[in-house]
Amino acid sequence: MAREAALWLLLLLSAHLLLRRASAIHRGQFPPPTSFLFGTSTAAYQIEGGYLEGKKSLSNWDVYTHKQGTIEDGSNGDIAADHYHRYMEDIELMHSLGVNSYRFSIAWARILPRGRFGHVNPDGVAFYNAIINALLHKGIQPFVTIFHYDIPHELEERYGGWLSPEIQKDFGYFANICFRLFGDRVKFWLTMNQPNLLAKFSYLNGWFPPGHCSEPFGNCAFGNSSIEPYIAGHNMILSHANVVSIYRNNYQERQGGYIGIAVSARWYEPLRNTTIDQLAVERAISFNVPWFLDPIILGDYPAEMRKILGPTLPEFTLKQKKKLHATKLDFIGLNHYSTWYVKDCIFSPCEMDPMDGDARVLSLVERDGVPIGKETGAPFFYDVPHGMEKAVMYYKQRYNNTPTYITENGYAQASNSSMTAKDFTGDTERIDYISGYLTYLVSAIRKGADVRGYFVWSILDDFEWTSGYKDRFGLYHVDFKTQKRTPKLSAEWFREFLKGSLVSREFQNGSQLQQYYTS
Ligand SMILES: O=C(/C=C/c1ccc(O)cc1)O[C@@H]1O[C@H](CO)[C@@H](O)[C@H](O)[C@H]1O
């Protein structure tokens with residue numbers, strides 16, 4: 001039965017490639033597996049479930065999702081994709097794809113249920129040991145995010161989470177335990193995931209816990225949208241620096257790994273070809289990635305931010321600047337999905353934008369009624385493949401070609417509860433999306449960008465934060481009632497791509513094939 005399904009998918013895939021020639025892209029255009037990672041990406045809260053199992057405590061997300069009205073479909077991550085019980089099956093799926101890396105995150109509340117105020121939980125440690133060992137056994141490099149949005153709820157209650165400098169101590173305490181317990185086997189660490197997006201979702205527009213915001217960015221019971229995002233951001237930057245210094249001083253030499261940070265790297269284009277919209281693009285960019293990477297790599301916030309925010313933007317003390325300078329990072333992780341048009345809001349009137357409005361810009365997905373790219377199942381995410389090359393080349397230049405990994409890129413299918421696996425497995429749009437972005441990534445690499453890996457978000461359909469289970473990003477479909485995993489066409493495509501066998505389908509002409517194998 002499973003065999004039949006696989007054959008059927010393979011047939012569909014061949015037809016897709018023949019008819020649409022979707023991918024001139026092939027594995028041989030990238031550096032060899034010894035120097036380039038191809039993997040899939042996940043985060044603990046989005047796939048694990050088991051929210052009260054193994055003596056885990058409640059995280060901020062457990063508490064938030066259990067409140068009415070926070071998640072669009074009223075769901076939560078209590079069970080999610082049940083990866084807590086099915087991790088071996090999921091690792092086998094990845095192995096069958098032929099990836100050489102897997103990016104996942106560690107649930108803080110599994111390792112330290114009470115943060116630094118309690119004990120290390122052996123069950124949590126055992127869970128991640130089992131995952132790491134199973135991955136290594138199959139030749140898959142663990143690529144670990146220490147913090148991907150979920151913190152022990154107690155830290156939120158005690159001192160307000162990321163709003164307090166206290167969090168720096170807790171985060172350092174947690175990371176130190178991760179390095180000590182897992183660092184003998186984990187060689188790739190990300191301190192955090194998308195702090196630049198998280199600070200806004202948590203404290204500017206209030207979509208994520210603790211749901212803080214104020215007018216005009218949103219209407220929340222608590223918060224101050226013009227101050228709190230930058231306080232949280234400041235604590236995140238200092239927490240990153242602290243954790244990198246812990247790794248450098250106590251582990252890196254002995255363990256021989258690398259440490260970086262993953263940021264949300266949206267790309268922006270001017271709505272009109274005018275100076276004011278071009279300046280708006282520069283502001284939008286500055287308030288996105290450079291908000292975090294300028295302090296971490298160059299030592300201070302970007303000038304555009306200081307100019308607009310003035311004293312609202314915290315200052316780094318001399319001591320902090322010294323620490324930033326001494327730590328920095330080994331590599332940059334870019335999460336890239338889409339591109340937006342940007343319109344100036346300083347010299348022209350605008351509606352309030354709860355994502356980019358703090359940069360005095362409005363981001364849009366259409367120009368004169370024409371969408372910026374092909375639409376996807378996620379509202380606001382469009383298929384704009386050239387944005388990948390633009391973003392990579394921009395940050396190559398800004399950060400002196402720091403080694404870079406594309407830590408996330410992927411495509412969402414929209415769904416509703418009456419749809420079944422069959423409705424999702426013929427996902428040629430995802431194949432087009434991924435092969436398009438990979439094509440532009442190859443172009444950036446050819447132009448000298450030091451890109452060392454690419455991770456698809458995601459291996460499985462998962463809990464997509466405030467969208468709940470509606471947006472399906474998986475290469476494998478998950479039936480959340482039975483937890484059955486079914487490969488989509490894109491999974492078969494990725495497998496063929498990683499094998500290098502797409503080339504033989506693409507190039508019927510023998511000499512080109514010859515060229516590929518000898519180059
Ligand atoms: O980029 C985002 C999230 C965007 C968003 C969320 C909720 C909204 O309401 C609007 C946008 O996160 C990255 O992209 C993925 C796919 O989304 C997430 O599942 C990952 O966890 C995250 O690192």
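User: Which strand gives the most to the lining of the largest pocket?

Analyst: In this predicted model, the largest pocket has a volume of about 950 Å³. Helix 9 (195–203) and strand 9 (361–364) each supply at least two residues of its lining. The element that gives the most, with 3 residues, is strand 9.

User: Which residues that line the largest pocket are the closest to its centre?

Analyst: The largest pocket encloses about 950 Å³. Its lining is made up of 40 residues. Those closest to the centre are F201, W207, R266, P379 and F381.

User: How many residues of the lining of the largest pocket are charged?

Analyst: The lining of the largest pocket can be divided by residue class. Nonpolar residues number 20 and polar residues 11. The charged residues number 9.

User: What is the volume of the second largest pocket?

Analyst: The second largest pocket is lined by 15 residues, with N416, S417, R472, F480 and K481 nearest its centre. By class, this lining holds 5 nonpolar, 5 polar and 5 charged residues. The volume of the second largest pocket is about 340 Å³.

User: Is the disulfide of C213 and C220 right-handed or left-handed?

Analyst: A search of the whole structure finds 2 disulfides. In one of them, the sulfur atoms of C213 and C220 are 2.0 Å apart. The torsion about their S-S bond is about 100°, so this disulfide is right-handed.

User: Is C220 buried or partly exposed?

Analyst: A residue counts as buried under 20% relative accessible area. Its disulfide partner C213 has 1% relative accessibility and therefore counts as buried. C220 has 23% relative accessibility, so C220 counts as partly exposed.

User: Which cysteine does a disulfide join to C345?

Analyst: The bonded cysteines of the chain, numbered in sequence order, pair as 1-2, 3-4. The link of C345 is left-handed, with -90° about the S-S bond. The S to S distance is 2.1 Å, and the partner is C350.

User: How many of the residues of helix 18 are buried?

Analyst: Helix 18 covers residues 489–499 and is mostly covered. Its buried residues include W493, F494 and F497, as well as E492, R495 and E496. Of the 11 residues in helix 18, the number buried is 10.

User: Which residue just after helix 18 takes a positive phi?

Analyst: Helix 18 spans residues 489–499. Just after this helix, a phi of about 80° is found. The residue with this positive phi is G500.

Note on methods: Residues are numbered from 1 along each chain as its sequence is written. This is a predicted model: local features need pLDDT of at least 70, side-chain atom pairs count only at pLDDT 80 or more; totals for chains, interfaces and linings use all residues. Side-chain values use heavy atoms; hydrogens and water are left out. A disulfide is a pair of cysteine sulfur atoms within 2.5 Å. Buried means under 20% relative accessible area, exposed over 50%, partly exposed in between (1.4 Å probe, protein chains only). Helices (H or I, at least four residues) and strands (E, at least two) are DSSP runs, numbered from the N terminus. On a 1 Å grid over the protein atoms alone, a cavity is a set of points where a 1.4 Å probe fits but cannot get out, and a pocket is an open set with protein on both sides within 12 Å along at least five of seven lines; lining residues have an atom within 4 Å of a point. Grid points are joined across faces, edges and corners, and a volume is the space filled by probe spheres set on the points. Ala, Val, Leu, Ile, Met, Phe, Trp, Tyr, Cys and Pro count as nonpolar, Asp, Glu, Lys and Arg as charged, and the others, Gly among them, as polar.
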